[in-house]
Amino acid sequence: MGEGSGFGKVILFGEHFVVYGIPGIVSAVDSTADAEVIKNDKIIKVHDDRKGSKGYAEKKKFQQLESIKRMLKKMNLSLENQGLNIWLGGSLPGFSGLGASAASSVAIARAIAQEFHLSFSNQEINDIAYEAEKAYAGNPSGIDNTAATFGGLLWFQKNLKGGPNKIESLSIEKPVEIIIGSTGIVANTKEMVKGVAKRKTRYPEKYDSIFNQAQILAQEARIAIKNFDLLEVGSLMDMNHSLLKEIEVSCKELDYLVDLAKKNGAFGAKLTGGGGGGCMTALTPGKELQEKVAKKIEKQGFQVLRTKIGVKGI
Ligand code: MEV
């Protein structure tokens, strides 16, 4: 049997903009997707036991199968007359926006490699998971699989010329509490990314100006994180959410969760991931504030993950 894990992630700055080469900041969360793989003699069968949004596994089933086929191709593994039994579990819930697909791809890639006695570097696993991500996101930036592979707190910038992406590890004084609230809506990242591309072509001036602001925000956030200025980080997160609203990737449930978190003392809040449903994240330093904000959101019937950013990666 082969085993493997991948980190869940939360994008703190720059989702969608990263697809176009704008830098982003992403942190792994301290929850993982875990996979076990055993060869079988017929088909590829996935047993998805992850907890999370109702219908998540069902809705992602076809994209998941395509992602596994893409991985096998990238690994040069042809399964003639052979199949795989894959079990998925772990502490990372199957919420849209938490990088559940990338985390599961990394976990499965590592588990397949072990089952077939193949040795891949972490960068190779990252490249394999990037291929898999295309099934879920169409034209992914690579930020999700990078965070899922390496963990930690990262500065990410896609290389639009096809060379290696810029990936830098960011240091932070100490891990900081955040919460992640799920709208419960299973979002389709591929459609959200396509929608931005369409509107960006239709309204080039408006989008150029928003994208410039996103670039400045990411750079300012990097400095604020370095200075451990959490009020500034929070206020930049709020601004980032406004930009995401302007490019029409938020929705009323996400805006509601952002407002609720802010009203209850969060330093900053924004949607995280592809939007259109999925998750909101709020910066809630200290256990007490984290618990207060989490409870208020749970009281309204939403699921919440309490976690930290800035936990060390591999
Ligand atoms: C999804 O977690 C992040 C997006 O920016 C897509 C991507 O970067 O591949 C929406």
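Biologist: Which residues surround the ligand in this predicted model?

Modeller: The ligand is surrounded by Lys9, Ile11, Glu15, His16, Val18, Val19, Pro140, Ser141, Ile143, Asp144, Gly273 and Gly274. A residue qualifies if one of its heavy atoms lies within 4 Å of the ligand.

Biologist: What makes serine 141 a polar contact of the ligand?

Modeller: The cut-off is 3.5 Å between N or O atoms. An N or O atom in the side chain of serine 141 is 2.6 Å from an oxygen atom of the ligand. That is within the limit, so the pair counts.

Biologist: How do you know that aspartate 144 and histidine 16 belong with it?

Modeller: The same test applies. For aspartate 144, a side-chain N or O atom is 2.8 Å from a ligand oxygen. For histidine 16, a backbone N or O atom lies 2.8 Å from an oxygen atom of the ligand. Both values are within 3.5 Å, so both pairs count as polar contacts.

Biologist: Where are the two domains, and how far apart are their C-alpha centres?

Modeller: Domain 1 covers 2-169 and domain 2 covers 176-309. Their C-alpha centres lie 22 Å apart.

Biologist: How do you know that the domains touch?

Modeller: Contact needs heavy atoms within 4.5 Å. By that rule, 40 residues of domain 1 are in contact with 45 residues of domain 2. The two domains bury about 3,400 Å² between them, 67% of it on carbon and sulfur atoms. Phe13, His16 and Phe17 supply 22% of the area that domain 1 buries against domain 2, more than any other three residues.

Biologist: Why is the pair of glutamate 168 and arginine 222 called a salt bridge?

Modeller: The rule asks for a side-chain nitrogen of Lys or Arg within 4 Å of a carboxyl oxygen of Asp or Glu. Here the N to O distance is 2.9 Å, so the pair passes. Across the interface of domain 1 and domain 2 the rule finds two salt bridges. Ten residue pairs are in polar contact between these domains.

Biologist: What does β2 supply to the side of domain 1 that touches domain 2?

Modeller: β2 gives six residues, the largest share. By class, that side of domain 1 has 20 nonpolar, twelve polar and eight charged residues.

Biologist: What makes arginine 70 and glutamate 66 a salt bridge?

Modeller: Their side chains meet at 3.0 Å, N to O, and the limit is 4 Å, so they qualify. Both lie in helix α2 (residues 61-74), four residues apart, about one turn of the helix. The whole structure holds 13 salt bridges.

Conventions. Residues numbered from 1 in each chain as written. Predicted model: local features only at pLDDT ≥ 70, side-chain atom pairs only at ≥ 80, totals over all residues. Heavy atoms only, no water. Domains from an automatic or database assignment. Buried area = accessible area lost by both parts, 1.4 Å probe. Polar contact = N/O pair within 3.5 Å; in protein donor to acceptor, adjacent residues only side chain to side chain. Helix = DSSP H or I, 4+ residues; strand = E, 2+ residues; numbered from the N terminus. Nonpolar A, V, L, I, M, F, W, Y, C, P; charged D, E, K, R; others polar.
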